[in-house]
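Subject: The structure I promised you

Hi,

Here is the structure we talked about, so open it up next to this email and follow along. I'll start with a small puzzle and then walk you through what turned up.

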Amino acid sequence: MAKAKTTFTCSNCGATHKKWAGQCDNCKQWNTVQEEAALSAGPEGKTLGVAKGRKVILSDLSTIDAPLPRMKSGAEELDRVLGGGMVPASAILVGGDPGIGKSTLMLQLAAAFANNGQKVIYISGEESAAQVRMRAARLGKSDAPVQLANETNIRDIITTLDAERPALAIIDSIQTMWADHVGSAPGSVSQVRACAHELTSFAKKRGVSIVLVGHVTKDGQIAGPRVVEHMVDTVLYFEGERGHQFRILRAVKNRFGPADEIGVFEMTGGGLVEVKNPSALFLSERDKPAPGAVVFAGIEGTRTVLVEIQALVAKSSLGSPRRAVVGWDSGRLAMILAVLESRCGISFANLDVYLNIAGGMRISEPAADLAVAAALISARQDNPLPSDSVCFGEISLSGALRPISQPENRLKEAEKLGFSQAFAPSLMKTVSESGISVQKFDNIADFIETSFGVIDD
Ligand code: TYD
Ligand code: MG
């Protein structure tokens, strides 16, 4: 008899390995590779043959279908992140750290859809119906017509959903669910995958939209939401710093709308409150110019968001100085420091560098390069940029400033918030005249010389 096959799967990224390893080759996490029984495959080495299949019905690409109708929750930030409302029969994954507020957001979402006349079922595998009711009371949503259940068996859940046919079902969380035909513990990669597969295919077949909540896990014992990202239509991550009350719901994949769209919320005693004008929130008090603080005009999805980038540079007593970054990529910081050193002759060799994005925001746009470089130089020289200025532009390895997308929108938002100057790349698309004066530069060295004078060590 052939030996029963096992595979080794990473619980963080889902990569499969031939043998066990302490570290996953793919995502470099430690202690995440786990042994799993392989799903039984058909007899190996045989082709399927032509006769047995069923002919699939083909249709023309050029056929015009009616546009997808969308269900609106009425909560503007949520609808925006979903690309203008939820598409019926879609599968949505909402990931985030434990305790960040996913269940709170889901209950508010359920209440919003239910109050809008949709049938909504909320299934919690973590909290009892009484606990969910208590939370709803705290949120002031007790009277929303949402149906609750505390259940973890996927077979029972699907039977219930099939009988009830709601417009929307929320599963909190996918890691607590288990399918009885899979022989591993709840939370393992194969259970999470099997449950997500059952639920997403049910969503497509029966026209029920399903939201799966997934905890981002660190310890590797429990599979993270990344292992089901490929199965769902939309992937949203709920982010935020624990110490800050601001939370950002970010679309990282969306088959029915733009990715990279964000919704901004504030966690209050009465639940999550939408923040309509996030720029004002990410800028700290800006009356006096402060060294090391530079405002970046960024684009998140379809919206411009102004954020303050803060840098602190201090003499280091360590052999290899510290580079601490919050809200920005540390590799990109290293690159900018290298460009400043080799193209402008400004060294940070025996200086500790701390970089922070205000308000708990995360930025991934390379357009923030110029603002980061300006904050670093400003902190190092103890010389502030004018407090009514914003910066944007990508820095290439040669030190040249590269043009970036949507300069008009960035300038418009800056002007709206009372800024009167901008520092930008010169190769920018022509910008229609606005009330803001734009200083353009070819490269980072010119920018530094104009803004901070000649710097010699
Ligand atoms: P929760 O939604 O339970 O997080 P998750 O489901 O992502 O694990 O949120 C838990 C946190 O939110 C908890 O620390 C308390 C806070 N919170 C508020 O500040 N205000 C509220 O109205 C609610 C319901 C929760
Ligand atoms: Mg929860």
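So, here's the puzzle: is Glu164 buried, partly exposed or exposed? Have a look before you read on. With a relative accessibility of 37%, Glu164 falls into the partly exposed class, because that class begins where buried ends, at 20%, and exposed begins only over 50%. One thing to keep in mind throughout is that this is a predicted model.

**The big picture**

The protein has 457 residues, and 48% of them are buried. It contains 10 helices and 21 strands. If you draw a box around the C-alpha atoms along the principal axes, you get roughly 75 × 55 × 50 Å.

**Salt bridges**

Searching the whole structure turns up 17 salt bridges. Glu164 from the puzzle belongs to one of them: its side chain meets that of Lys119, with N to O at 3.0 Å. Lys119 sits in the loop between α2 and β5 (120-124), while Glu164 is in helix α4 (residues 154-164), so this pair ties together parts that are 45 residues apart in sequence. Lys119 is partly exposed too, and its relative accessible area is 37%.

Next, find Lys204 and Asp233. Their side chains form a salt bridge with an N to O distance of 2.5 Å. This pair also links distant parts of the chain: Lys204 belongs to helix α5 (residues 189-206) and Asp233 to the loop between β8 (209-215) and β9 (234-239), 29 residues apart. Here the two partners fall into separate classes. Lys204 is partly exposed at 42% relative accessibility, whereas Asp233 is buried, with a relative accessible area of 3%.

For a third case, go to Glu300 and Arg250, where the closest N and O atoms of the salt bridge are 2.8 Å apart. Glu300 is in strand β13 and Arg250 in strand β10 (residues 246-254), so they tie together parts that are 50 residues apart in sequence. Both of these residues are buried.

There is also a network of salt bridges, which links Arg332, Asp369, Glu394 and Arg402.

**Strand β13 and its neighbors**

Since Glu300 brought us to β13, let's stay there. Why can we call this strand largely enclosed by the rest of the structure? Because 8 of the 8 residues of β13 (residues 293-300) are buried. You can check that on both faces: Ala293, Val295, Ala297 and Ile299 are buried on one side, and Val294, Phe296, Gly298 and Glu300 are buried on the other.

Which way does β13 run relative to strand β14 (residues 303-315), parallel or antiparallel? The two pair in the antiparallel sense, over 8 bridges. They make a hairpin with 2 residues between them, and Gly301 in the turn has a positive phi of about 65°. With strand β17 (residues 389-391), on the other hand, β13 pairs in the parallel sense over 2 bridges.

Val295 is a good residue for seeing both pairings. Its bridge partner in β14 is Glu308, and in β17 it stands opposite Val390.

Now click on Glu308 itself, in strand β14. Glu308 is buried, at a relative accessible area of 3%. Its side chain makes a polar contact of 2.8 Å with the side chain of Gln310.

**The ligand**

Last stop: ligand 1. How many residues surround it? There are 17, and the closest are Gly99, Lys102, Ser103, Thr104 and Thr268. By type, the shell divides into 4 nonpolar, 9 polar and 4 charged residues.

A few individual distances are worth displaying:

- Ser103: a side-chain N or O atom is 2.6 Å from an oxygen atom of ligand 1.
- Lys102: a backbone N or O atom lies 2.8 Å from a ligand oxygen.
- Gly269: a backbone N or O atom is 3.1 Å from an oxygen atom of the ligand.

On its own, ligand 1 has 570 Å² of accessible area, and the protein covers 75% of that. The elements that give two or more residues to its shell are α2 (102-115), α3 (129-139) and β11 (262-268).

That's the tour. Shout if you get lost anywhere!

Cheers

Notes. Residues numbered from 1 in each chain as written. Chains lettered and ligands numbered in written order. Predicted model: local features only at pLDDT ≥ 70, side-chain atom pairs only at ≥ 80, totals over all residues. Heavy atoms only, no water. Near = heavy atom within 4 Å. Polar contact = N/O pair within 3.5 Å; in protein donor to acceptor, adjacent residues only side chain to side chain. Areas by Shrake-Rupley, 256 points an atom, 1.4 Å probe, with all protein chains shown as cover. Helix = DSSP H or I, 4+ residues; strand = E, 2+ residues; numbered from the N terminus. Nonpolar A, V, L, I, M, F, W, Y, C, P; charged D, E, K, R; others polar. Buried < 20%, exposed > 50% of the residue type's maximum accessible area, 1.4 Å probe, protein only. Pairing = 2+ DSSP bridges. Salt bridge = Lys/Arg side-chain N within 4 Å of Asp/Glu carboxyl O.
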